[in-house]
Each structure stands twice: as C-alpha cells, then as structure tokens.
Amino acid sequence: MKTRITELFGIRHPIIQGGMHHVGLAELASAVSNAGGLGIITGLTQRTPDLLAKEIARCRTMTDRPFGVNLTFLPSVTPPDYPGYLRAIIEGGVKIVETAGNNPQKYLPALKEHGIKVIHKCTSVRHSLKAQQIGCDAVSVDGFECGGHPGEDDIPNFILLPRAAEELSIPFVASGGMADGRSLVAALALGAEGMNMGTRFIATREAPVHDNVKQAIVAASELDTRLIMRPLRNTERVLKNPAVDRLLEKEKALGAALKFEDIFGEVAGVYPRIMGEGQMDAGAWSCGMVAGLIRDVPTCQELIDRIMTEAEGLIRKRLEGLL
Ligand SMILES: Cc1cc2nc3c(=O)[nH]c(=O)nc-3n(C[C@H](O)[C@H](O)[C@H](O)COP(=O)(O)O)c2cc1C
C-alpha cells in the first residue's frame, strides 16, 4: 500500500507504533520496523541523553529499516534535558521524530537542519493546523478514544479525522482506537494516510513489558478505561484498577482544589513497576478503549501482516463488492 505517509518515511506499510513510556524500547521499535511499519523509541524513557544515544545504537543493530524517536513535551516535576535528547537523536542519525504534548516549534530548526522529518501528535484540528504552520511534515491525529493523553476536547475520531482532512494539507495518520485492518481502511476512508497504534502494540510478543501487562490488555473490554487528571487539565486515559479508583475518589473529594501532589502516589514513577515487574495495581497506566478489540499476543510481523491482508480483503472484496 502506497500513501503519502509510506512515501514520507520510506516504509512499506502505513502503520506507526506511537511512543510509549517504558514500552518503546529498541526491542519493540525494531520489531515494528522489521515488519514494515515505523517503530518508535520513546526518548524520555531513557533517563539521560547518553542512555538514549545507546538505545538508538542498540536499535540500529536490530534493524536496518527506518525507525523514529518520540520526544514528549508534557508537564513534569523536573523538566528533562531536551537539548541533550535532541543532540542524541541528531548524532544518532535518526531521521524521524515523533513529537507530542506542547508545541515543538523551538526544536524544529535544529531537526530540519539535519533533514529529520517531524510528525507531531495532536488531539485537535487547531493544534494540527499549528503543527502544519510551524513546519511539521505530518500529524498524528489522536482521537478521544486513545490511550494516554487525549487532550481536553473529547472529540472522537469519526469526527476528528474528517475535520482534519478538511483543513490540513500535510499528510496525517489516525491515532487512537486503531487495532486491525478495519481500523486502517476506516482511517483511509476518513482521509488519513495510515494509522498510529499504541495499546495494540503493547500486546505483542516483542513488546518488552511483563506478560501481566499484555494479559491485562487482552482481558480488558472497551468499558474498562477511565479518564484521570481532568481537574489538572492533563487528562490521561488509563486502565481501571484499584489505584485508579482511589485516585478518582480523591478527584471527586477535592474537586477544583486537587493538586498534583494529592495523586503523586498513584501516578509518579509507577511505570517501571507496572511495565517491568508486572505489578498491575502499582498505579495508573495509559491504555486505550481499543483494549476491547485486542484478544491475542501476536508477533509484530504477524500483527502487521494480518492488518494488511485484512485491509486488502476489505477494500477489494467487501467495499468493491458493494458497488
Ligand atoms: C502505555 C502507554 C504509554 C504511552 N506513552 C506515551 C508517551 O510517552 N509519549 C507519547 O507521545 N504518547 C504516549 N502514548 C500514546 C501513544 O503513543 C498513542 O498515541 C496512543 O496509544 C494511541 O491510542 P491507542 O492506544 O488507542 O492506540 C502512550 C500510550 C500508552 C498506551
């Protein structure tokens, strides 16, 4: 399948694995890229720019296909050394960067100067337009369904994607709620040039996370996610568990007076315990509604091949046959 996204990034299939904290390590990024998609290393999961440089080098030994690095600009207790991470990306010869969160404008000149393509993840049409205006090459349009940070507008992809198609001239991929060939064909029909998946890629054999995480996703239904941190305007979609119930009780009790410190125990530094050790109730972790469509733990190659075969069947048989 040839789209503006496969052309832009030099990949075989229009499928991207979004950056994921403590999931997007070289094992997953290289497996996705080897399967013909675009794998992405999550920059900030590496505690220092030096460690990111090592992770990029490690990924290069595992694939000779293009892969990217995610740089997330979100509110944080101690701001990371972004210029240092940027240097690691540039010096590591990475040619694709996925930015997310705040406006990446400040870092674009350095990226452009080194021929790096930038795909910015946005949850609204207005932010997508801004990304286009400041010179991003593509956008990942992240609907309300998504795992992680869906923003504060709550517009699902059935509206958000065609709205993005009406306004944007740069290519965009659909993100949030994408799982299979049906998702890909629907995304293309709504104007996207491919799709970005997070949650679906966690439940793969190569994802370097504890098996409990994969099984929790397989066991979850579309009813099992919750939105947290809305009073802080830092909304995150997570899988429901006792820590999330506790956090939501605090949000209810404190209302507008809620501060980050009140929920520190449920959100700060919990990812290594969840992803690495499989302590599923250690805190809140991002997960999309799409968990309701995930029933197995295939390899990345099996997953991507299945998506492309299903998409082709849908286009050639079901859709063509309707006419
Ligand atoms: C466990 C997890 C961690 C994530 N961490 C990040 C992150 O660090 N930076 C980022 O830009 N997006 C992050 N995301 C969002 C994904 O890159 C992607 O946009 C999202 O998962 C798409 O929605 P889906 O889960 O329905 O596929 C994360 C998602 C999950 C599920």
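**Questions on a ligand shell and its salt bridges**

Student: Which residue follows α8, and near what value does its phi lie?
Tutor: Helices here are DSSP runs of H or I with at least four residues, strands are runs of E with at least two, and both are numbered from the N terminus. The residue that comes after α8 is G191, and its phi is positive, near 115 degrees.

Student: What kind of model is this, and how are residues numbered?
Tutor: This is a predicted model, in which local features need pLDDT of at least 70 and side-chain atom pairs count only at pLDDT 80 or more, while totals for chains, interfaces and linings use all residues. Side-chain values use heavy atoms, with hydrogens and water left out, and residues are numbered along each chain as its sequence is written, from 1.

Student: Which residues of α8 are buried, and what covers them?
Tutor: Buried means under 20% relative accessible area, exposed means over 50%, and partly exposed lies in between (1.4 Å probe, protein chains only). In α8, residues 181-189, the buried ones are G181, S183, L184, V185 and A187. Their cover, judged by contact (heavy atoms within 4.5 Å), includes β7 (172-175), β8 and α14 (300-322).

Student: How many residues surround the ligand, and which are the closest?
Tutor: A residue belongs to this shell if one of its heavy atoms lies within 4 Å of the ligand. β3 (67-73), β8 (195-197) and α9 (199-202) each supply at least two shell residues. The shell has 23 residues, and the closest are G19, T72, K121, G177 and T199.

Student: Of what classes are the shell residues?
Tutor: Ala, Val, Leu, Ile, Met, Phe, Trp, Tyr, Cys and Pro count as nonpolar, Asp, Glu, Lys and Arg as charged, and the others, Gly among them, as polar. On that basis the shell is made up of seven nonpolar, 14 polar and two charged residues.

Student: How far from an oxygen atom of the ligand is the polar side-chain atom of K121?
Tutor: A polar contact is a pair of N or O atoms within 3.5 Å. A backbone N or O atom of G177 lies 2.8 Å from a ligand oxygen, and a polar backbone atom of G198 is 2.8 Å from an oxygen of the ligand. For the polar side-chain atom of K121, the distance to a ligand oxygen is 2.7 Å.

Student: How much of the ligand's accessible area does the protein cover?
Tutor: Accessible areas come from the Shrake-Rupley method with a 1.4 Å probe. Of the 600 Å² that the ligand has on its own, the protein covers 94%.

Student: Which residue forms a salt bridge with K121?
Tutor: A salt bridge is a side-chain nitrogen of Lys or Arg within 4 Å of a carboxyl oxygen of Asp or Glu. The side chain of K121 meets that of E98 at 3.4 Å, N to O. K121 lies in β5 (residues 117-122) and E98 in β4 (residues 96-101), so this pair ties together parts 23 residues apart in sequence. K121 counts as buried at 16% relative accessibility, and at 1% so does its partner, E98.

Student: How far apart are the closest N and O atoms of R306 and D296?
Tutor: R306 is in helix α14 and D296 in the loop between α13 (271-276) and α14, so their salt bridge ties together parts ten residues apart in sequence. R306 is partly exposed at 37% relative accessible area, and D296 is partly exposed at 27%. Their closest N and O atoms are separated by 2.7 Å.

Definitions and conventions:
A polar contact is a pair of N or O atoms within 3.5 Å; within protein, one must be able to donate a hydrogen and the other to accept it, and residues adjacent in sequence count only if both atoms are side-chain atoms.
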